[in-house]
Amino acid sequence: MQEPVIGIDLGTTNSVVATVEDGRPRLIPSRSGGRLTPSVVGLTRAGDRLVGQPAQALGEEHPDAVVWATKRFLGRRYTPELVQQAKAVVPYPLVAGPTGDVRVKLSGRVLPATQVSAFILGELRLDAQAHFGRDVRKCVITVPANFDDNQRQATREAAAIAGLEVVRLVNEPTAAALAYGLSRGFEGSALVFDLGGGTFDVSILDVKAGVFEVKATGGDHALGGEDFDQRIVQWLLAQVEDPFQEAVSKDAQSLRRLKVAAEAAKRELTESEEALISVSGLGDHTAGVKRFTEINTALTRSFFETLSEPLSRRCLDVCKSVMAEARMDPRSVDVVLLVGGMTRVPLVRRLVADFFGRAPSTDVHPDEAVALGAAVQADELVRQAGQALLLDVASQSLGVGVMGGRVKRLIPKNTGVPVVARDIFFPGTSGQSEARIPVYQGESEFQDENHKLGEVVLKNLHVANRGETPLEVVFELSGEGILAVKATDLTSGNMELVRLEARAGLPQGEAEKLGQEQSNYAQAQGVVDARKAEETFRKLLERGEKLARLLQQSARENPSPEAESAVGTVQQLLVGGKDALAAGDAAQCALIARQLTKLLSGRAEPRG
Ligand code: AMP
């Protein structure tokens, strides 16, 4: 059996893992049976880690024991601006790491954002291992199209800690297009409208002969489902009776209750025209004498749409600017693909249909599309079919800092990747024996307004007069947007030490230590999972026996070649299952378990 390669959507709100089975991409359920794993990580008082649903449950009781949406901080540098932005979206504190990387505080402990991502990836890996009954080491992970080099490197670092080798990083909109089957025969422009829980991204792709080019991207990273929930929360707050209103608006537990009710109402309004909302226990939970009130009200879909109006406008503003950047008329877009749970909302679908003048494609679950596409890409890479080439573009311009605080651009935004660009520079001062070449990402011609990616340090320069030591700088941007910078002293031919110093990665040694901890954890979990899987498989075989007896009986009553073959198929699986169990072949047990589960749930005909 070929080594499985999985596709992972490491999302801000939810993460998903998928694989291609029988030629079709499918989600791998979590070990607790869920489709999506909330990107929430918790630490119990005892220091045990929780990921996903259990972490969410822990957060209900102990909000300071969990963190979520940490993808916002992955691969970012700790700066006062970032801390300010974070305050608006998450309640947990950020802490600076030794290399300027961002760390989060939970349960009194500090974890690097990279480690939080590694916990989530590690959990998805365990889910995949339980699904396949064998070790899983290789994966494709999706990243937002506008992730910069540091963010991409941090994603890889998180994967490495989780014991995963990233075969390829794929842009999220490209993955969505793959899930919608655009690598098979489609030619034209595809607009990916991705509205998730906390972020909004719009990308326009040009697809030609199985090659995907990201033409333009845009987004609003402080806009998502949470904001729609907040509009409902504000409306509910206004309905709380007067003497309680102030206390409720300051009470964390009451606000959480309102938020949960608001999100449930929002989901209900996707299906119905009206949602009834009842919330009790509203008041000051910290007061000595507790007095509570409640609200019982109804929200119609049309009023929800009125409440959401400012948010809809922001969505459209982003669409307009992406269209302008791509120099396209919205009506010339060939297909519109929806991604993110929020695109199930009828208002959002209508907005998109009106703006682009066409109904969006809805045949893939919007919250699964990215992971399914990652699985398609993983499968392609394994089979090396070479169909989906995945050509992307540089999401931001890249250049070198020069005199006068300016930036000399080497790779302009939207250049197709992979690409190599080179230029010649001269050290600023005479007699310099070391040159520091700062590398910037961004659209401004001024260094201050760009993001400094790092610095290349070229030592042992040929000492000469100013202007006489030409240095060649080569930028090599890979197909997945990772930048390698090479600097050469052309006079001496020295291709000196090249180092990106500003990368806010984990300090040396820490990543290995965290990787070791993760590996110990995964090993212990793997033993527990294997025991559970064996138990579940035994029960499944018992149910299979019952099915076999029923099929035998019906074959006796109504003999036919089909009935005979159905009995044969089940019996063959049962014999194979027992043999695999006796031989301790976990992968074979897992395979037979999937086939038997399909038969027992009626998703497959037993006549094989
Ligand atoms: P994602 O980040 O793609 O998982 O999207 C999560 C967001 O989608 C959350 O704000 C959810 O409340 C929202 N969402 C998911 N399903 C639905 C639904 N059926 N109707 C309305 N909103 C939904």
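In this predicted model, A435 sits in strand 22, which covers residues 435-441. A435 has a relative accessible area of 4%, so it counts as buried. Which residues does A435 contact, once its neighbours within four places in sequence are set aside? They are V456, V457, L458, L461 and L471. If you would like a sense of distance across the fold, pick out A374 as well: 61 residues separate it from A435 along the chain, and their C-alpha atoms lie 41 Å apart.

From there, let us turn to the ligand. Its shell is made up of 14 residues, and those that come nearest are N14, E263, K266, T270 and G341. Sorted by class, the shell holds eight polar residues, four charged ones and two nonpolar ones. Which element gives the most residues to this shell? Helix 8, spanning residues 252-271, does so, with four.

Some of the individual atom pairs are worth finding on your screen. In the side chain of N14, an N or O atom is 2.6 Å from an oxygen atom of the ligand. T13 also has a polar side-chain atom facing a ligand oxygen, here at 3.2 Å. For T270, the partner is a nitrogen atom of the ligand, and a polar atom of the T270 side chain lies 2.6 Å from it. How much of the ligand's accessible area does the protein cover? On its own the ligand has 500 Å² of accessible area, and the protein covers 87% of that.

Helix 8 also leads us to helix 11, since helix 8 is among the elements that cover the buried residues of helix 11. Others in that cover include strand 13 (188-195), helix 9 (301-307), helix 10 (309-325) and strand 18 (335-339). The buried residues themselves are P346, L347, V348, L351, V352, F355 and F356. A general point about helices helps in reading such a list: an α-helix has 3.6 residues a turn, so residues three or four places apart point the same way. With that in mind, look at L347, L351 and F355, or at V348 and V352, which are all in the buried set.

F355 deserves a closer look. This phenylalanine belongs to helix 11, residues 346-356, and its relative accessibility of 15% is why it counts as buried, the limit being under 20%. Beyond residues up to four places away in sequence, F355 touches L316, C319, K320, M323, P330 and R331. Its C-alpha atom is 39 Å from that of R383, a residue 28 places away along the chain. Just after helix 11 comes G357, with a positive phi near 70 degrees.

C319, one of the residues that F355 touches, brings us to the cysteines. How many disulfides does the structure hold? The count is zero. As a reminder, a disulfide is a covalent bond between the sulfur atoms of two cysteines. C315 shows one reason for the absence: its closest cysteine sulfur is that of C319, and because the two sulfurs are 6.9 Å apart, they are too far for a bond. C315 is itself buried, at 1% relative accessibility. C139 is buried too, with a relative accessible area of 0%.

Another buried residue is Q129, found in helix 3 (residues 113-132). Its relative accessibility is 15%. What does the side chain of Q129 reach? It comes to 3.0 Å from the backbone nitrogen of V136. V136 also appears among the contacts of Q129, along with R134 and D135, when neighbours within four places in sequence are left aside.

Finally, two loops offer something for anyone who likes to check backbone angles. D22 lies between strand 2 (14-21) and strand 3 (24-27), and its phi is near 50 degrees, a positive value in a residue other than glycine. S107, in the loop between strand 9 (102-106) and strand 10 (109-112), likewise has a positive phi of about 50 degrees without being a glycine. Are these loop residues buried or exposed? D22 is exposed, with a relative accessible area of 65%, whereas S107, at 31%, counts as partly exposed.

Methods. Residues numbered from 1 in each chain as written. Predicted model: local features only at pLDDT ≥ 70, side-chain atom pairs only at ≥ 80, totals over all residues. Heavy atoms only, no water. Near = heavy atom within 4 Å. Polar contact = N/O pair within 3.5 Å; in protein donor to acceptor, adjacent residues only side chain to side chain. Areas by Shrake-Rupley, 256 points an atom, 1.4 Å probe, with all protein chains shown as cover. Nonpolar A, V, L, I, M, F, W, Y, C, P; charged D, E, K, R; others polar. Disulfide = S-S within 2.5 Å. Buried < 20%, exposed > 50% of the residue type's maximum accessible area, 1.4 Å probe, protein only. Contact = heavy atoms within 4.5 Å.
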